[in-house]
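Colleague: Could you walk me through how to read domains and their contacts in a model like this one?

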Amino acid sequence: MKYLLPLFIFATFSFGDYTPTISTKVTNNGHTVLVTMDNRNIEKLKLSFNGLHLFFLEHPFKKNLSYLLLPIEYYTPFKSYTVFYSYYYKGKKHLKHFNLKVKEGKYRSERLSVNPSKIKLSKEDKLRAEKEYKEAMKVYNSISDEVLWEKDFIHPMDSKITSPFGTKRVFNKLVKRYHTGIDFRAKSGTPIISSNDGVVRIAKDRFYAGGSVVVDHGQGIYTCYYHMSKIDVKVGDKVAQGDLLGLSGATGRVTGPHLHFSVYVNGKIVSPKQFLKIVNSLND
Ligand SMILES: [Zn+2]
């Protein structure tokens with residue numbers, strides 16, 4: 001071992017042989033995988049996974065490191081994947097790969113009854129929902145280089161989680177979806193705070209999500225706060241961690257008042273609980 005380490009370092013910097021560190025080799029669907037890489041002497045670090053092509057970004061806290069938060073979309077088929085990554089060393093492109101297995105997370109199932117008007121939509125509502133979806137996806141797919149936060153991400157309120165991420169849901173025995181965030185118990189009018197520093201990108205009433213606020217934290221990370229009865233911010237506002245975004249409510253497609261909190265990473269929705277653990281580990 002005594003002789004191997006200097007040899008390894010020599011190999012890395014002499015031949016451009018760079019290898020990433022991966023947070024796990026087996027991931028659940030809906031989770032985020034953290035990939036970090038020494039970026040000294042290399043550039044244009046990229047990664048491809050299951051049709052997703054992403055650039056590594058500058059690590060917010062550690063020098064000479066690049067990182068990438070790889071979101072494993074909920075409906076990703078369960079199997080082994082070859083993840084390709086590439087970079088340029090002394091002007092020459094290196095293409096390499098590692099293996100990543102996606103397995104089914106242990107998510108529960110539930111049946112819900114909601115107002116039929118939120119299931120079988122009128123033409124007008126359908127158009128509205130589609131327009132809002134497109135608007136939101138345009139926001140979530142904007143990935144800036146700049147990191148806007150410094151502290152660990154926190155929960156948007158101090159309350160019991162009544163429904164976790166990933167639960168398979170059947171609405172009125174008809175529509176099958178999954179729960180895309182976590183629900184916090186909150187009677188109408190409970191203050192909701194921003195999970196971290198960022199800029200407000202969405203602040204409006206929407207068909208499914210009701211009163212909605214979306215905060216951009218930079219580097220492809222967005223936190224979302226839904227079903228609000230009152231919104232206290234507007235698009236473009238800079239918010240700090242802990243700032244009041246508005247009050248909880250029962251607007252949109254809901255069975256009662258609560259706060260639905262969700263997270264988008266690089267254009268995909270992920271488990272907020274697991275994401276908070278992964279993103280906060282950057283600052284360890
Ligand atoms: Zn929810």
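Modeller: Gladly! Domain bounds come from an automatic or database domain assignment. Here that assignment gives domain 1 (4–103) and domain 2 (109–283). Residues are numbered from 1 along each chain as its sequence is written. This is a predicted model, where local features need pLDDT of at least 70, side-chain atom pairs count only at pLDDT 80 or more, and totals for chains, interfaces and linings use all residues.

Colleague: How many residues of domain 1 are in contact with domain 2?

Modeller: Two residues are in contact if their C-beta atoms, placed from the backbone, lie within 7 Å. In this case, 15 residues of domain 1 touch 18 residues of domain 2. The C-alpha centres of the two domains are 29 Å apart.

Colleague: Which strand gives the most to the side of domain 1 that touches domain 2?

Modeller: Strands (E, at least two residues) are DSSP runs, numbered from the N terminus. Strand 7 gives the most, with three residues.

Colleague: And where does the largest nonpolar core lie?

Modeller: A nonpolar core is a set of buried Ala, Val, Leu, Ile, Met, Phe, Trp, Tyr and Cys residues joined through C-beta atoms within 7 Å; buried means that 20 or more other C-beta atoms lie within 10 Å of a residue's own, with C-beta atoms placed from the backbone. The largest one here has 53 residues, and L47, L68, L70, V213, Y222 and Y225 have the most contacts inside it. Strand 18 (residues 221–231) is its main contributor, giving seven residues. Both domain 1 and domain 2 give residues to this core, so it lies between them.

Conventions. A residue is buried if 20 or more other C-beta atoms lie within 10 Å of its own, exposed if 12 or fewer, and partly exposed in between; C-beta atoms are placed from the backbone. Helices (H or I, at least four residues) and strands (E, at least two) are DSSP runs, numbered from the N terminus.
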